[in-house]
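Hi everyone, thanks for coming. I'd like to walk you through one structure today, so please have a look at the screen.

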Amino acid sequence: MVYEKIAQDDETMQQIEEIIRYAAPLFNEALAEGKELYDFVERHLEINPVGITPMYHNEGYLFLEAFHGKETQVYVYRITVFENTYEKYRGINTKHLQTVRRGLALTHEHLKVQLLRERQELPNPATFAVVSRIPVPLEHSLLPIAKRSLVKFVTNLAA
């Protein structure tokens with residue numbers, strides 16, 4: 001009875017190992033393709049400060065624009081730092097505030113001034129515009145890559 005159980009376990013383990021041998025190269029290929037796409041999108045993002053940039057960059061506004069978009073997605077962001085004994089990690093939290101239809105009169109600078117009037121909790125916010133030069137889905141591609149790129153950009157400003 002015990003021998004049968006061990007034989008079944010060995011057979012199950014062999015099947016699992018076969019599945020892993022089959023799936024591992026496919027997984028690595030998909031991972032490499034995803035990294036290549038991520039890098040491509042990141043290379044086609046443009047990040048610019050809006051107005052005068054304060055010394056404190058860890059919270060403020062993020063203006064996000066898709067390729068040839070007429071709208072700007074406005075987010076408030078906060079960067080947090082996590083440390084352990086070996087490394088420092090940065091995370092970013094965003095909250096969508098509004099979607100603004102841009103025109104000739106409504107520039108990024110004007111939008112920042114408008115936000116300063118409406119929202120008093122950030123008296124001198126860092127504000128950055130991230131513009132995509134290629135068409136990509138906003139929610140599943142552009143926003144996560146823009147957030148990570150903004151963290152890198154702000155980290156380099158502080159250095």
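Before we start, one bit of vocabulary: two strands count as paired if DSSP finds at least two bridges between them. And keep in mind that what you see is a predicted model.

Okay, the sheet. It is an open one, made of 5 strands in the order S1-S5-S2-S3-S4, and the pairing is mixed. On the edges sit S1 and S4, each of which pairs on one side only. On average, neighbouring strands here are turned by 25 degrees against each other, if you ignore direction. As a general reminder, strands of a sheet pair through backbone hydrogen bonds, either parallel or antiparallel.

Let's zoom in on one pair. S3 covers residues 71-83 and S4 covers residues 88-101, and the two run antiparallel, with 13 bridges between them. A hairpin of 4 residues takes you from S3 to S4. Glu 83 stands opposite Lys 88 of S4. Further along, Arg 78 has Asn 93 in S4 as its bridge partner.

Now the helices. H2, residues 108-118, lies across S2, S3, S4 and S5, and runs at about 140 degrees to S2. H3 packs on the sheet as well, touching S1, S2, S3, S4 and S5, with its direction at about 45 degrees to that of S1.

What about the inside? The largest nonpolar core has 22 residues, and Leu 64, Tyr 77, Phe 128, Val 130 and Leu 150 have the most contacts inside it. Who supplies it? H1, S1, S2, S3, S5 and H3 each put in at least two residues. The top contributor is H3, with 7 residues. Apart from this core there is another one, of 11 residues, and among them are Tyr 61, Leu 106, Leu 115 and Ala 129.

One last stop: Thr 72, which belongs to strand S3. Is Thr 72 buried or exposed? Its relative accessible area is 0%, and the cut-off for buried is under 20%, so Thr 72 is buried. Who is around it? Leaving out residues up to four places away in sequence, Thr 72 touches several others, including Phe 63, Leu 64, Gln 98, Val 100, His 108 and Leu 111. Arg 102 is on that list too, and the side chains of Thr 72 and Arg 102 are joined by a polar contact of 2.8 Å.

That's my tour, thanks for listening!

How values were computed: Residues are numbered from 1 along each chain as its sequence is written. This is a predicted model: local features need pLDDT of at least 70, side-chain atom pairs count only at pLDDT 80 or more; totals for chains, interfaces and linings use all residues. Side-chain values use heavy atoms; hydrogens and water are left out. Buried means under 20% relative accessible area, exposed over 50%, partly exposed in between (1.4 Å probe, protein chains only). A polar contact is a pair of N or O atoms within 3.5 Å; within protein, one must be able to donate a hydrogen and the other to accept it, and residues adjacent in sequence count only if both atoms are side-chain atoms. Contact means heavy atoms within 4.5 Å. A nonpolar core is a set of buried Ala, Val, Leu, Ile, Met, Phe, Trp, Tyr and Cys residues joined through side-chain atoms within 4.5 Å. Axes are lines fitted to C-alpha atoms, for helices over the stretch in contact, and angles run from 0 to 180 degrees between N-to-C directions.
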